[in-house]
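This report looks at a few backbone features of one protein chain and then at its nonpolar interior. The sequence and the structure come before the details.

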Amino acid sequence: MNTRISIVLVSSVLLFSSFLVQNNLSKPKTPASRNPVFKQAIYEGKDEVYQNNPLAEGEFYNPILQGCYPDPAITRKGDDYYMVCSSFAMVPGVPIFHSKDLVNWTQLGHVLDRKSQLKVENSGISEGIYAPGITYNPNNDTFYMITTQIASGIGNMVVKTKDPKKGWSDPIKLDFGGIDPGLFFDDNGKAYVVHNDAPDGEPLYNGHRVIKIWEYDVETDKIIPGSDQVIVNGGVNLADNPIWIEGPHIYKKDGLYYLMCAEGGTGDWHSEVIFVSDNPKGPYTPAPSNPILTQRHFPKDRKDKVDWAGHADLIQGPNDTYYGVFLGVRPNEQDRVNTGRETFILPVDWSGEFPVFENGLVPLKPKLKMPEGVVNQTGKAGYFPNGNYTYTENFKSDTLDYRWIGLRGPREDFIKQTIAGLEIKPFAVSIKEKKPTSTLFHRQQHKNFSFTTTLTFNPKSEKELAGLVCLQNEGFNYVFGVTKNGNKNHLLLERTENGKSTLIASVAIENTTNLNLKVEALGDAYRFSFSEENSNNFINLGGTVSGDILSTNNAGGFTGALVGLYATTANDTIFTK
């Protein structure tokens, strides 16, 4: 009898255990995260310039890096080309790209990808990393990235590597002032640093700067004290009161030394100028045909306008043809710059004594002929996209795409990739503060674009908010997100201009599971809309608003607009009753 009872009990336990397993009840469930989760993000660029100028065989689009990729610098080892750009307070810092042909580029990552290298946590967005230079030294088979870190008292610094694909050293602080340093390694083993600096004594006028040179000790990575001297005072002709001579690079060709600099300031008077000497420390004589690159003399209403061209670097490319990379901007129909300073390229004619950018003194065109033998693979096989394209991110990869960036702090401090999507752990910091924010950003790379994400979030208080942000800087931005208003969830659109926030519109939202949020821009006209779960019927909130605050014209600074996935526990929106 007891045996039968035991058999029945054991059978009952096994059946109950099977029921638990089948219904996933055998162990306590982990509570669902209260943090906002972004299921996906879709960026789509739709610029008319690409629709109206389709590529023919053997062509590629200019710029080669769209959106906020300013101040390009380039170097070469064998058939490998490496290019870097400014990153200011974006983290990681200094995006680095690789190419075999100057047309098709892959992003290797970032030069400054550790906290020990980058200390911008309290910086304004246009502080931080300025104008990096990258140079390969064949004398010791080493790559150098030299820059100015306007943050934490670091100033001018250099990092090194034997292989740009395998990471860079911690910063070595350099003992000189000014900005925009560049390294030159002569074939006799000597090395030099050139940089922008203030003149000795009082400036003669606003924008009066000089170019200095120092000898550089490669063994100790220090400048040699007392070796400095001014090699350019003011610019090409001091009598003309030239402004903001900066971004210097030295090249050696046919036994002569060429010093190339930006002149005119990084605005509508920007240009590139060239000097020559038979000694790296000068004296330097300006070319009679300066500038060798500018867009400043043309009608403001020209078609497919590119402006502000300058801050260039030269490289000997495929088939021994010279090329120059440089920054430029493409204003919208209101002549405002939202996409920021982008990276362009042109062939360079150096058949005479001085280099000249081919078609760099006429209005720039959106297309170029490819180097002979090169096939355009942009946007394919891992190469960086160009022109109009759609980028879909479902956050299911083990690693986050390099195009996603943080602001003032590492992405890894606030993101977690889950089965449900990207979870953001919100900081008690708003987008309006000069502190690391819990925001994952993508650059605005087109005048006409859309950015859509799917959000699940149930805020518990008015301090909690998650959604989209369109940002030029901490004082100029739009926030489009879900928060609490009383005992109801509300979706709001808030505009911040010069630090003052205004609630444009809000609406109560019943279901905030898989809520679709979208921002669309047609030039200066931005529209924010939403749709509830499993619906493609988007509803506009706030009408059409101006992108003026997302331009450097209004907000100032040196960056382009960013659009991001944002979460905070420091929301300060004031709802009207």
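Pro92 lies in the loop between strand 5 (90-91) and strand 6 (93-99), where strands are DSSP runs of E with at least two residues, numbered from the N terminus. The model is a predicted one, in which local features need pLDDT of at least 70 and side-chain atom pairs count only at pLDDT 80 or more, while totals for chains, interfaces and linings use all residues. Residues are numbered from 1 along each chain as its sequence is written, and side-chain values use heavy atoms, with hydrogens and water left out.

A cis peptide bond, listed below, precedes Pro92, and another joins Asn290 to Pro291.

| Cis peptide bond | Omega |
|---|---|
| Val91 and Pro92 | about 0 degrees |
| Asn290 and Pro291 | about 0 degrees |

Pro291 sits in the loop between strand 20 (285-286) and strand 21 (293-294).

Positive phi values also occur in residues other than glycine: Asp320 has phi near 60 degrees, and Asn514 has phi near 50 degrees. Asp320 belongs to the loop between strand 22 (307-316) and strand 23 (322-329), and Asn514 to the loop between strand 36 (500-508) and strand 37 (515-522).

The largest nonpolar core, a set of buried (under 20% relative accessible area, 1.4 Å probe, protein chains only) Ala, Val, Leu, Ile, Met, Phe, Trp, Tyr and Cys residues joined through side-chain atoms within 4.5 Å, has 46 residues, and Phe451, Phe480, Val519 and Phe528 have the most contacts inside it. A second, separate core of 41 residues includes Leu65, Tyr81, Val103 and Tyr322.

Note on methods:
Buried means under 20% relative accessible area, exposed over 50%, partly exposed in between (1.4 Å probe, protein chains only). Helices (H or I, at least four residues) and strands (E, at least two) are DSSP runs, numbered from the N terminus.
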